[in-house]
Each structure stands twice: as structure tokens, then as C-alpha cells.
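User: I am new to this structure and would like a close look at one part of it, the aromatic rings and how they pair. Please take me through them in one connected account, and then add a word on the sheet.

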Amino acid sequence: MVDLTKDASALAEALNSDAEFMLAARFWDGGFRLSIGDRAPLEIRVTQGAPSAASAGAEGLIAISGPEEIWRGLLETRPERFLNDLGPAMALGLELESAPLVFTQYYPALMRAIEVMRGEDPTQRRAEPSGRPVGAHDAATGRYVHLDLGGDRYRVYYEEAGQGVPLLLQHTAGAHGAQWRHLFERPEITDRFRLIAYDLPYHGKSLPPTGRRWWAEPYQLNGDFLRSVPVALADALGLERPAFMGCSVGGLLALDLALHHPERFRAVISVEGVLRVEDDVDDEILAGFWHPQVSNEFKGRLMHGLTSPTAPEAYRRETIQTYMAGWPPCFLGDLHYYAEEFDLRERAGEIDTSKVAVHILNGEYDWTGSCEKGEAAHRAIRGSTWTRMEGLGHFPMSEDPEAFLRYLTPLLDRIAEAEPVAAE
């Protein structure tokens, strides 16, 4: 078998035959150069999206270099933790030489080239077909509710299914509530819980307000506004001390609600929750999150690198499609809360778990809400629980719902069996 990490001609041929690479590389004039340890650089020229085994020159070039041991982990068929994507690999020692705009424009193509070099993982599980007959409906039903938030009236979309303990579900930054769809189809959950997954304003089907010129303002999510959404929704729906579960930005929100509104919620589940993200993404790269010359494909591909390589690929791709389909400013605006404003390091000890139960879960392959950071949050919040989710990434409920349920179900059992603390 030809080693694509050493043979540029064979790699160019493989990329020409790869439909995903050819789509991601469209319009690219440049190419990439990979310097793996002391080996001679592996170079691919791309001319109007067509790869060939030749030097790419300086314009439009993405060059990555670094030690052999880091490349070895990155190029494994099943890559190692934190080496499943270029982002964390660069933090661990790979170096980037590229114009930031070119990198963000063609990062999806470069990551696909690395995946082609890895080869397919024969042990990766496939998503199960739905098995539903034509005309069948899913369990969830959707509605709009009008809420006053921050002085404006919003039309907020939510979906619900089930009965019993109300459980509000908050999606990740830049996405929407469809991430929770798999939970809605599990009778062992919906027989005991009334699941309510909502889209934040400007996300998914939730609309902007009509009372101000939002289109002429920079979108920037802040904690006061974000915390007000589940509280206002619970009031509007007449929910008595619901439970709350959020992932990523929603996982941070879960801990924020436990601190600021313990009397309103019986329990919070913080998926990928930490006390402080401490994001150190280069500002020039971050600009690619909302740039007129960078498509939403860049955001989606970055999020693919936060999923677990063991998860079914169809579910991983469904997860990132929500980022590619979103309103362009959403993701960057949500990161204001996620990576800049949110910081509970000094106040985590104030969270009273006798008033609101706190459960934290972190996926093995998540390098932003890492297991190490999640465990530190657990140590800082007396009475909380913490679980390391082996083989899962940043979006466990959507990338690998079957594996996620193994970790979630014991927590739901505890919440269903506990007597809610009376509101003060």
C-alpha cells in the first residue's frame, strides 16, 4: 500500500478522486506544504481547485511544520486525543505559515487532505437508519412563544416532547435546538421528562426582534441576556423549578444559572462545562468566523475537529451542518460570552448544591471544554458530580447519542428520583 504521507503523486491522485476535497478546494489557487519532522516536505499544488504533485509557491500556500511525533498522532487512522484536528495539534507544537485569510478559506480542504492521508477507520460505527415508514412523525412538536428579553419582544421557537419533570435544553454556540433531537425519541426519557429544546434569538427558527434596527448592530451575546432566556421561557410555560441541561455555551450557562438563579432550577447538567474557557485563538484566525470572504464551511469544519473520531460520521456531519446553515454573525457573537465574558473561577464556591443539583460532564476528545477543566470545575463546586465521557467529543448528544445516553441516564435517574428543593 502506498504511503500517502510520503508520496505526493499518490496523494494528489487520491485527492483528485475525493469528492469532498474537490468541493472544499474549489477556487483555490495555491496549495499546501507539510513538513513532517526531518522528512523532505510533502507538497501539493492546487490550481483552481485541482491538486497536483508540485511546489505551490508562496501565494495561496498553507504550510504546516512540526515534530514527527505530533504528526504521527495526527495522522493515525484513529487519531489520538487532542490530535484529531489541526487546531489543538498546533497548540501542541505544529506551526502554521499562511496568510490568515487563505488558511480560513481552505482549512476545510486541508483537513480533508489530512483525513485522506489517514485512511478510513474500519472500526468506526455507522449511524443507524431511522427505520421509520414514509409519513411517520417524530415525537417533538414545535411552537413559538413571545418573550420579553432585555427590553425587546422576541418570537422564540421551541420543540417539546414527553411528560413529567420539565427539562430545558440549551444548544451550543452558533447552533440551534435540533442538536437534542435524538433524546426526544427515547421513551425511557420522555416517559419521565418533558423535554423542551429552544432556539436562542437569532438562532435556528427564533427570529430577531421587530422593534429595533438589529441588522445595523454588531451581534454580541452577553450573560445577562443569555441567563434571562431560560428564566423567561420557564415563566411563560408555567414550569415549576425545571431542570436545565446545556452543552458548550449552554454548559457554561448551566453553571451560571446555578450561581445566579438557584431558586429557579432543581438541577443543572453542564455538558462540556468549565469555569473559564481561556480561549487563545489568534485574532486573525478568529476574524474568519465572520468575514465576507470566508464561508460558514470554515466554522463547521472547525467543529468537526471537536467531535470524536469514534462517533458515527453521519451524526458528526449533521452536527456541523447546523453551523454551516446559521446566520453568519451568530457564532462569533456567541463567543463573546463563551470565551471572553464567562468566568466563574472566583465565584464557583458560592454555588449552593443544596439548592440546585449540579452535574458536569466532559467529553474525552473535547479540547475546549476539556476533561481537565471540567474536573477542576467539579472540585470548585462543593457537592457537584463530574463524569468523564470516554470516546465522546464536544457535542455528545448529537455526534453520538447512544454513547451519550450511557452517561446521561444515571443523572436523569437521580433528578427524577430527587425531591425538588422548595423555592425560597
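Analyst: Rings of Phe, Tyr and Trp, the last through its six-membered ring, are taken as a pair if their centres lie within 6.5 Å; planes under 30 degrees apart count as stacked, over 60 as edge-to-face, and the rest as tilted. The model is a predicted one, and a search of the whole structure finds 18 aromatic pairs in it.

One of these pairs joins Tyr-154 and Phe-225, whose ring centres are 5.5 Å apart and whose planes stand at 65°, so the pair is edge-to-face. This pair links distant parts of the chain, since Tyr-154 belongs to strand S7 (residues 152-162) while Phe-225 belongs to helix H8 (residues 223-237), 71 residues apart. Tyr-154 counts as buried at 2% relative accessibility, and Phe-225 counts as buried at 17%.

Another pair is formed by Tyr-202 and Trp-327, with ring centres 5.4 Å apart and planes at 15°, and therefore it is stacked. Here too distant parts of the chain are linked: Tyr-202 is in the loop between strand S9 (193-198) and H8, and Trp-327 is in the loop between helix H12 (313-324) and helix H13 (329-341), 125 residues apart. Tyr-202, at 9% relative accessibility, counts as buried, whereas Trp-327, at 29%, counts as partly exposed.

Ring pairs also build a cluster, which consists of Phe-103, Tyr-107, Phe-289, Phe-298, Tyr-323, Phe-331 and Phe-395. A ring can have a charged partner as well: Arg-155 lies over the face of Tyr-144, at 3.8 Å from the ring centre.

As for the sheet, five strands form an open one in the order S3-S2-S1-S4-S5, with mixed pairing. Strand S3 (50-52) and strand S5 (95-98) stand at its edges with a single partner strand each, so one side of each has no neighbour in the sheet. From one strand to the next, the twist averages 15°. Within this sheet, strand S1 (residues 30-36) and strand S2 (residues 42-47) pair in the antiparallel sense over five bridges, and Leu-34 has Leu-42 in S2 as its bridge partner.

Helices lie across these strands. Helix H1 (residues 8-16) lies across S1, S2 and S3 and runs at about 40° to S2, while helix H5 (residues 100-118) lies across S1, S2, strand S4 (61-66) and S5 and runs at about 60° to S4.

Terms used
Residues numbered from 1 in each chain as written. Predicted model: local features only at pLDDT ≥ 70, side-chain atom pairs only at ≥ 80, totals over all residues. Heavy atoms only, no water. Helix = DSSP H or I, 4+ residues; strand = E, 2+ residues; numbered from the N terminus. Buried < 20%, exposed > 50% of the residue type's maximum accessible area, 1.4 Å probe, protein only. Lys NZ or Arg CZ within 6 Å of the ring centre and 35° of its normal. Pairing = 2+ DSSP bridges. Axes fitted to C-alpha atoms, helices over the stretch in contact; angles between N-to-C directions. Contact = heavy atoms within 4.5 Å.
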